[in-house]
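Please look through the structure shown here from its overall make-up down to a few individual residues. The paragraphs after it are meant to be read with the structure open.

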Amino acid sequence: MGTALEHEPLESGEQEALDAYSRVVVGVADLVSRSVGSLRVMRRGRGGRVPAGAGSAVALTPDGFMLTSAHVVRGPSGGGRVAFIDGRELKFRVVGLDRLSDLAVLRADGDGLAAAELGEAGALRVGQLVVAIGNPNGFAGSVTAGVVSALGRSLPARSGRTVRYIDNVIQTDAALNPGNSGGALVDSRGRVVGINTAVAGVGLGLAVPINNATRQIIGALMRDGRVRRAYIGIAGGPRPLPPQARIRLDRAGGLEVVEVAEGSPAERAGLRPEDLIVEMGGVPVQRADDVQQLMSETAIGRPLTVSLLRGERWLELELLPAELVE
């Protein structure tokens with residue numbers, strides 16, 4: 001007779017499923033761990049360069065470009081050292097960072113890096129297996145596995161007085177701890193679909209997605225060391241449309257203007273608090289995120305038609321987005 005500490009043998013189907021799960025995680029770890037480096041960020045002190053933080057980074061190209069979280073390397077550091085699981089340790093410098101997407105590009109002083117393959121976060125589904133690879137608490141090459149818990153989350157990012165929301169953030173139950181930030185969130189085919197961040201809190205894993213928008217940011221950081229964005233100078237929030245406007249537009253809400261910044265493009269165009277914006281440049285607007293997505297580099301200095309409801313009057317105003325200066 002068995003004791004309470006003994007376990008019934010696994011059914012063959014359960015054993016096969018467990019083996020398949022393990023094979024995927026092991027395969028992904030073997031493929032991607034060599035692409036993820038452990039960062040030691042340094043800053044200049046009175047006695048020379050001293051440690052200022054730690055994190056992870058993902059190799060983008062064999063000749064040294066790497067991707068990490070902006071909050072890992074921001075501040076007066078400028079560089080540090082990156083170590084890989086093959087024993088190599090290289091100096092790195094910060095090429096450019098963008099606090100409003102929490103992404104940064106580094107350049108390591110070496111070549112022959114194992115460049116990771118970037119995937120597409122838009123193809124993820126809730127419940128899908130993902131693997132997080134990084135260096136939590138300094139333990140290099142750590143691997144944790146889990147599932148996509150939720151999609152479409154928003155994560156606030158701040159630069160000076162400017163607050164912007166990172167869209168379509170991935171939530172996962174793969175364990176993340178300090179040091180994981182900047183590491184890779186990988187799908188079952190070994191493609192990097194997100195850059196992990198451990199700033200959300202214990203038990204909540206979030207990752208900045210790899211998608212068309214973030215690819216453009218990464219490209220701009222590699223090319224120019226910075227990201228250019230447009231701004232119009234409003235703060236607002238969602239508001240239900242009046243019944244007649246709902247019928248006219250066949251949707252339920254718009255974006256109410258709560259505040260107009262002094263001297264901003266919005267003020268010059270004549271926007272006022274309590275205006276209810278329904279379209280910008282022909283694109284329906286219901287949330288602040290909808291406006292934010294329009295404020296790309298290509299919008300700087302290009303006329304933008306704003307359709308809005310002011311009281312009972314329908315108006316169209318033309319504004320000229322300016323470049324956001326942090």
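What follows moves from confidence and overall make-up to a pocket and then to two residues in loops.

The model is predicted, and the mean pLDDT of the protein chain is 87, with 87% of its residues reaching 70 or more. Confidence varies among the elements: helix H1, covering residues 12–32, has the lowest mean pLDDT, at 79, whereas strand E3, at residues 65–68, has the highest, at 97. Over residues 1–5 the pLDDT is below 50, and beyond near neighbours in sequence this stretch makes 0 contacts in the model.

The protein chain contains 6 helices and 21 strands, and of its 326 residues, 44% count as buried. Among the contacts in the chain with a separation of 6 or more, 59% are accounted for by residues that lie 24 or more positions apart. The surface that the protein chain exposes comes to about 16800 Å², and carbon and sulfur atoms supply 50% of that area.

Rolling a probe the size of a water molecule over the atoms shows where empty space is left. The second largest pocket has a volume of about 620 Å³, and its lining is made up of 27 residues, of which Arg164, Ala213, Gln216, Ile217 and Ser296 lie nearest its centre. Two or more lining residues come from each of strand E10, strand E13 (205–209), helix H3 (212–224) and helix H6 (288–294). Of these contributions, that of H3 is the most, with 8 residues.

Strand E10, at residues 162–172, is also one boundary of the loop that holds Ser181, the other being strand E11 at residues 184–186. Is Ser181 buried or exposed? Ser181 counts as buried because its relative accessibility is 6%, which falls under the 20% cut-off. The side chain of Ser181 is joined to the side chain of His71 by a polar contact of 3.1 Å.

Beyond E11 comes the loop that leads to strand E12 (191–197), and Asp187 has its place there. With a relative accessible area of 4%, Asp187 is under the 20% cut-off and therefore buried. Which residues does the side chain of Asp187 reach through polar contacts? One is Arg189, whose backbone nitrogen is reached at 3.0 Å, and another is Arg191, whose side chain is joined to that of Asp187 by a polar contact of 2.9 Å. Leaving aside residues up to four places away in sequence, Asp187 touches Val28, Gln128, Leu129 and Val193.

Note on methods: Residues numbered from 1 in each chain as written. Predicted model: local features only at pLDDT ≥ 70, side-chain atom pairs only at ≥ 80, totals over all residues. Heavy atoms only, no water. pLDDT = per-residue confidence, 0-100. Helix = DSSP H or I, 4+ residues; strand = E, 2+ residues; numbered from the N terminus. Contact = heavy atoms within 4.5 Å. Buried < 20%, exposed > 50% of the residue type's maximum accessible area, 1.4 Å probe, protein only. Polar contact = N/O pair within 3.5 Å; in protein donor to acceptor, adjacent residues only side chain to side chain. Areas by Shrake-Rupley, 256 points an atom, 1.4 Å probe, with all protein chains shown as cover. 1 Å grid on protein atoms, 1.4 Å probe; cavity = no way out; pocket = protein on both sides within 12 Å on 5 of 7 lines; lining within 4 Å. Points joined across faces, edges and corners; volume = space filled by probe spheres on them.
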